[in-house]
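Reader: I have a structure open and would like to learn how to read it. Could you take me through some of its features, one at a time?

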Amino acid sequence: VSLHKPEIKLESLKEDIKDFLKTSGWEKKLQNAVYSELNVFPSPCHPAAPPEHMKEPLAYMRKAQGSWEKRILKSLNSMCTELSIPLAQKRPVSEQKELLNKWNEMGTDEPDLSLFRPVYAPKDFLEVLMNLRNPNYENGEQPSFRNHLGLIQVPLKVKDIPELKENFSELGLNIGQLGIDDSAQVPPEFFENEHVRVGQKVLAEQDSAAAQQYVRQGCPTALRADLWALILNISNQPEDILYYEQLKSNVIQHDLLVDSLIYKDVKLTASNDDYYFVFEDYLYQVLLCFSRDTSVLEHFAYSSATPPKSYIRGKAGMEEYAVFYPPNGVIPFHGFSMYVAPLCFLYHEPSKLYQIFREMYVRFFFRLHSISSHPSGIVSLCLLFETLLQTHLPQLFYHLREIGAQPLRISFKWMVRAFSGYLATDQLLLLWDRILGYNSLEILAVLAAAVFAFRAVNLMEVTSLAAAEAVLADLSTLKVMPLLQIFLFATVT
Amino acid sequence: LRIMAGKVKWVTDIEKSVLINNFEKRGWIQVAENEDWNFYWMSVQTIRNVFSVETGYRLSDDQIVNHFPNHYELTRKDLMVKNIKRYRKELEKEGSPLAEKDENGKYIYLDFVPVTFMLPADYNLFVEEFRKNPSSTWIMKPCGKAQGKGIFLINKLSQIKKWSRDSKTSSFVSQSSKEAYVISLYINNPLLIGGKKFDLRLYVLVSTYRPLRCYMYKLGFCRFCTVKYTPSTSELDNMFVHLTNVAIQKHGDDYNHIHGGKWTVSNLRLYLESTRGKEVTNKLFDEIHWIIVQSLKAVAPVMNNDKHCFECYGYDIIIDDKLKPWLIEVNASPSLTSSTANDRILKYNLINDTLNIAVPNGEIPDCKWNKSPPKEVLGNYEVLYDEEMAQNDGSDRDLRNRSGQSTGVKGIRARDSGKPALTTWK
């Protein structure tokens, strides 16, 4: 199909091109690309606002994020010095050959990782968030009934239940859901069959916006991989595959210190996981390439974070010798590989798996480990969780607080990992369907509160933090959609 | 009028906690073998003695054992193949549509065991087949051993010279069961997940062979090889790559004691549905059920359908990269050792559900009962095939419609939802 035909006339060229775009499917692709940009980039701010306002409008948040980054970098640099390992070095040719041969089975490698430690763990990050204060806001030293009783002490706006009900209206009681209405007792004619049919139609039309609306009710397992790719606008073109191969060759040629951090993380988390151990090798193939992907730097335009800078040896402070480290600006923390692991159930082709993960990271996951005021940022999610609990389960909240078991101390790790590694995989995927569908991470906070509500009776009887942790240690039998539905739509407030 | 009997008296010669805990939780009483017992969970060596002609054991109506007397018709590799081949030929003679062959002479519906020969008996037949595909790999398995013992791979005739009857250097090897081997075509295109090879272990309970009544345990699992699969010839000797028996994997460097290299069947299903689609996944699981039932039907005529017996088999199945399942072997004594905590729970529940079906209400058994447990006691078992029920539907042997309609057999779609549905078998 092309316009290179003799019957095309100059007079009608404009119309011909419009028709051509429609029939060739390019109009749809352009629409999807625009829709994708709308989802990812924040709305334009005031023309006079400086660029850091697009990253983060609140000055005190920016400052806190900056301090946190300094701490992480200091930790990384001191590990480097202690172990006398450079941040980056070129691999000798023999090592390059060996790595290339082993590319599909890096899991069998047993490098000595005993001296490496994760740069930080979620609980370190929680301590930082607990100490966030808005200097313009008078907190007072004494907690009173006016104050928030939780760990987060910044006044961000979070939704209450009526607003959440409106926001998540498609999860309502009279609307069919996968994860509820496809269970064994429900005949498929009631909802499931028709939902699958609609999903197939959405895929046939290749419409990103329609897909995003559709997945709010959950993805049929057979359609999920394609629907997510459509929403994230990933099509795995030859140039994308080439780009991935280029990253792979970067991995082969240069060794980075963060590689060891990645190995250690995978060995500590995914390798021991009942669901994800099978995909250990894929995790290396994705994360090692991810560290070297400079296109990830683009997301810092709308993230409160700033990529760490490092200098060529001996040229500290000289801007011409500054590089971002790691090349993608993202330093992995303990549990980072769990962002990738669930995706391995959907995509078995490395370059596609890679692109899906990268897009998920620059749309969603980066917000879970940076300090910002964004409604999907981890600070807002923590505050949303605590507020929901304090408002709707005040007795439980008070009891837990009294025994030294602040609820956020337990739920924080769930939210930072977007529940990966805590829920059964099929349930996790149903949850992530809704993250994509609503283009927001708020559902993580709602689910965390719903879990506490579900186990409230047992939690009321515990008398220590350890006992509370034990009640909430195993989430693998939970069904997320009924929990969410009951909490939002069927709880008497 | 039921006699008020005492507690069930049990014996076992397998000292495994998953068994003993289950007996004790039912309040059963342990006795010695020479005392009056009602329930004997025996090893395969013991069952040989119990039913051997010499000892002339007579079991009474209130005694149950966990093996059929000649289970080896199914569980010895050479006899299983022999029975399946016989079964196929019989169906072919009858003109049954099940025995239909394709243009290459392969059975369309009954080709589920890799090409297998007995050694040394079929040595010449094997050589003929080997020469048709000289680059193929074959797997040698001793007939009487388990847990991957004595298995090795060959890809050259010279590697099995000693089994050649013509070889001047070999002494004629007797056909005693200790020395016999089977040699099967090695499936060198297994389905890989995460680049790793795996096999499926499924548990199947048979309460009677005639009529055939069998149950499939919903919670089977995949056993992954700890080392990356490679078909390269240099790795043929590396048993960690090729064999998935946990007993062997346990000694590899990468063995993990948390998950034990095992995946649930529901994980497998989720993965396959997500990456391959629902239809082909359903078809795969339907085929797996099909081959299990066909294997049982094949041995049913020769099985001693002793009413004192039930048996829980461990089926080993490999899926190739075209999503075709292959029956590798059937174990009469599936391992009751637990390699991980999850494993212990699974095996405990397996024995529990098995006992609930085999020994109704946990009371002193009466072999004359109809062996039809109510649905509520099945636990994690699902009815795989019930010949009596199927015959009452009247269309067991009628296979007019082969394009996907049910043959009247009440089968299962093995979703963990446990929704019983008519299996659509070709």
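Reader: Let's begin with helix 10 of chain A: is it largely enclosed or not, and why?

Author: Helix 10 (residues 221-231) of chain A has 9 of its 11 residues buried, so the rest of the structure largely encloses it. Buried means under 20% relative accessible area, exposed means over 50%, and partly exposed lies in between (1.4 Å probe, protein chains only). Helices (H or I, at least four residues) and strands (E, at least two) are DSSP runs, numbered from the N terminus. Among the buried residues of this helix are Leu223(A), Arg224(A), Trp228(A) and Ile231(A).

Reader: Before we go on, what kind of model is this, and how are its parts numbered?

Author: This is a predicted model, in which local features need pLDDT of at least 70 and side-chain atom pairs count only at pLDDT 80 or more, while totals for chains, interfaces and linings use all residues. Residues are numbered from 1 along each chain as its sequence is written, chains are lettered from A and ligands numbered from 1 in the order in which they are written, and side-chain values use heavy atoms, with hydrogens and water left out.

Reader: Thanks! What covers the buried residues of helix 10 of chain A?

Author: The cover includes helix 2 (26-40), helix 8 (192-205), helix 9 (208-214), helix 14 and helix 18 (425-438) of chain A, together with helix 8 (265-276) of chain B. Just after helix 10 of chain A, Asn233(A) has a positive phi of about 60°.

Reader: Helix 14 of chain A is in that list. Which residues does Phe357(A) touch?

Author: Phe357(A) sits in helix 14 (residues 350-363) of chain A and is buried, with a relative accessible area of 0%. Contact means heavy atoms within 4.5 Å. Leaving out residues up to four places away in sequence, Phe357(A) touches Val286(A), Leu287(A), Phe290(A), Phe336(A), Tyr339(A), Val340(A), Leu343(A) and Phe365(A). You can also compare sequence with space: Phe357(A) and Ala341(A) are 16 residues apart in sequence and 9.5 Å apart from C-alpha to C-alpha.

Reader: Against what do the buried residues of helix 6 of chain A pack?

Author: A general idea helps first. An α-helix has 3.6 residues a turn, so residues three or four places apart point the same way. In helix 6 (residues 122-130) of chain A, the buried residues include Phe125(A), Leu126(A) and Leu129(A). The buried residues of this helix pack against helix 4 (59-83), helix 15 (378-392) and helix 17 (407-416) of chain A.

Reader: Now for sheets. What is the strand order of the open sheet with parallel pairing in chain B?

Author: Strands of a sheet pair through backbone hydrogen bonds, either parallel or antiparallel. Here, two strands pair if DSSP finds at least two bridges between them. The open sheet with parallel pairing has 4 strands in the order 2-1-3-4. Its edge strands, strand 2 (29-30) and strand 4 (64-65) of chain B, each pair on one side only. Strand 3 (residues 39-41) of chain B runs parallel to strand 4 of chain B, and 2 bridges join them. Tyr40(B) has Val65(B) as its bridge partner in strand 4 of chain B. Helix 1 (residues 17-25) of chain B packs on this sheet, touching strand 1 (9-12) and strand 3 of chain B, and its direction makes about 175° with that of strand 1 of chain B. Axes are lines fitted to C-alpha atoms, for helices over the stretch in contact, and angles run from 0 to 180 degrees between N-to-C directions.

Reader: Which are the edge strands of the open sheet with order 5-8-6-7?

Author: That sheet of 4 strands in chain B has antiparallel pairing. Its edge strands are strand 5 (116-119) and strand 7 (152-154) of chain B. The twist averages 30° from one strand to the next. Strand 6 (residues 138-142) of chain B is joined to strand 7 of chain B by 3 bridges, and Ile139(B) stands opposite Leu153(B).

Reader: How many residues lie between strand 14 and strand 15 in the hairpin of chain B?

Author: There are 5 residues between them, and Leu323(B) in the turn has a positive phi of about 60°. The two strands run antiparallel, joined by 6 bridges. Strand 15 (residues 325-331) of chain B is largely enclosed, because 6 of its 7 residues are buried.
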